[in-house]
Amino acid sequence: MESQEEARTAGDPFAWSPGISRGQTQNEEERPEGGGAPAAAALDVEDGVSADGLWQLPVELTERRPECRRCSRPQKVCLCPFLPVHPLHISTHLYIIQHPAEENKVLRTVPLLAACLPRDKCKVKIGRRFSEERDPELSTLCRKSGTLILYPGAEAANLEEFILDSPIYPSTIIIIDGTWSQAKDIFYKNSLFRLPKQVQLKTSVSSQYVIRMQPTNRCLSTLECAAVALSILEKNSFIQETLLRPLQALCSFQLQHGAQIRLSKEHLLKNGLYPKPMPRNKRKLRKMELLMKSIKI
């Protein structure tokens, strides 16, 4: 595997990283009671077997659960029935900059997004650092007048208002996929991403990705951001409805099988339900104070 510092393009958006954790190598009935006891504890010392000889024991390999090639989910929980029969017809090019840590997360949304769109309209580039020398294609893309980058901030224009006044209608939109801190790191430490026009979504829609905690009620997942942005750029609300359907199915399935609704930090703080003490780290404490201040306003 290449270093995280090196960007790499996901060539096949339907065959990305596995849908289960690499740690899931044994079935429940195969695990010894207690879960944490080493295999050596089950050996009879009187038989002359020592821990030094454990390396000679054969390794039993267990197969991963078969995955669906389209939605990248285990076949038993495939979400293809909730995907469009044919990829959506769009003219906008979607370019996802994905933090390497997102690759192996089980409940990621980018594979579902890519499964709904034509392959030539949705491209995923994985990495943390990008440069003009190493990424000439990305550099060219960022310099085009028809390219936007979706990242909120004081300098970001409202996407709906921007396209009304823009002399050139946008043809490409870049979205950063990762946690909020990861996205911030990628955006501010790569000068390429300050070249396109910066836009943001002004929407009152709350995230439906309820199995992951968000900083505020207005924070959306990558799939939700893409759904809203594409529906605006394509002037077609059906796109948003179609892209959100597999996400809704994913969350519904997880909740039916023991997952819990994860309320935002904003909601927990506002209602006095935040279970953790205030952070000691000055940077994290400052972020928490800003969040609490925005809630009071």
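**Notes on a first look at the model**

1. Start with two helices and the residues where they touch. From helix α5, Leu-223, Glu-224, Ala-226, Ala-227, Val-228, Leu-230 and Ser-231 meet a set in α6 made up of Ser-237, Ile-239, Gln-240, Leu-243, Leu-244 and Leu-247. Keep in mind as you read on that this is a predicted model.

2. How do those two helices sit relative to one another? Two packed helices are described by the angle between their axes and the distance between the axes. Here α5 covers residues 222-233 and α6 covers residues 237-256, and their axes come within 7 Å and cross at roughly 165°. That angle is over 145 degrees, so α5 is roughly antiparallel to α6. As for handedness, the crossing of α5 and α6 is right-handed.

3. Stay with this pair for a moment and look at the link. Lys-235 lies in the loop between α5 and α6. Is Lys-235 buried or exposed? Its relative accessible area is 67%, so Lys-235 counts as exposed. Its backbone deserves a glance too: most residues other than glycine have a negative phi. Lys-235 is not a glycine, yet has a positive phi of about 55°.

4. There's a second residue of this kind. Ser-72, also not a glycine, has a positive phi, near 65°. You'll find Ser-72 in the loop between β1 (8-9) and β2. With a relative accessible area of 4%, Ser-72 is buried, whereas Lys-235 is exposed.

5. Now for the overall picture. The protein has eight helices and seven strands, and its chain is 297 residues, 43% of them buried. Take the contacts between residues at least 6 apart in sequence: 77% of these join residues at least 24 apart. On the outside, the protein exposes about 17,700 Å², with carbon and sulfur atoms supplying 52% of that area.

6. Strand β6 is a good place to look inside. Why call β6 largely enclosed by the rest of the structure? The strand takes in residues 172-177, and six of the six are buried, so the label fits. Thr-172, Ile-174 and Ile-176 point one way from β6, while Ile-173, Ile-175 and Asp-177 point the other way. Both sets are buried.

7. Which strands pair with β6? One of them is β2 (residues 93-98), which pairs with β6 in the parallel sense over six bridges. In that pairing, Gln-98 stands opposite Asp-177. Another is β4 (residues 147-150), which runs parallel to β6 and is joined to it by four bridges. Leu-148 faces Ile-173 of β6 there.

8. Follow β4 the other way and you come to β7. These two strands, β4 and β7, pair in the parallel sense over three bridges. Leu-148 turns up again, this time with Lys-197 as its bridge partner in β7. Strand β5 also pairs with β7, in the parallel sense and over two bridges. Asn-158 stands opposite Gln-200 of β7.

9. Thr-147 is worth picking out by eye. This residue belongs to strand β4, and at 1% relative accessibility Thr-147 is buried. What does Thr-147 contact, leaving aside its neighbours within four places in sequence? The list is Leu-141, Thr-172, Ile-174, Pro-196 and Lys-197. Thr-172 and Ile-174 are the β6 residues from point 6, where they point one way together with Ile-176. Pro-170 is 23 residues from Thr-147 along the chain, but their C-alpha atoms are separated by 5.8 Å.

10. For a contrast, try Ala-154. This residue sits in the loop between β4 and β5 (157-158). Its relative accessible area is 88%, so Ala-154 is exposed, while Thr-147 is buried. Between the C-alpha atoms of Ala-154 and Gln-200, which are 46 residues apart along the chain, the separation is 9.7 Å.

11. Last, a helix that packs against several of these strands. Within α4 (residues 180-188), the buried residues are Gln-182, Ala-183, Asp-185, Ile-186 and Phe-187. What do they pack against? The answer is β2, β4, β6 and β7 (197-200). Of those four, β2 pairs with β6, β4 with β6 and β4 with β7.

Notes: Residues numbered from 1 in each chain as written. Predicted model: local features only at pLDDT ≥ 70, side-chain atom pairs only at ≥ 80, totals over all residues. Heavy atoms only, no water. Buried < 20%, exposed > 50% of the residue type's maximum accessible area, 1.4 Å probe, protein only. Pairing = 2+ DSSP bridges. Contact = heavy atoms within 4.5 Å. Areas by Shrake-Rupley, 256 points an atom, 1.4 Å probe, with all protein chains shown as cover. Axes fitted to C-alpha atoms, helices over the stretch in contact; angles between N-to-C directions. Parallel < 35°, antiparallel > 145°, perpendicular 65-115°, else oblique. Left-handed = near helix turned anticlockwise from the far one by under 90°.
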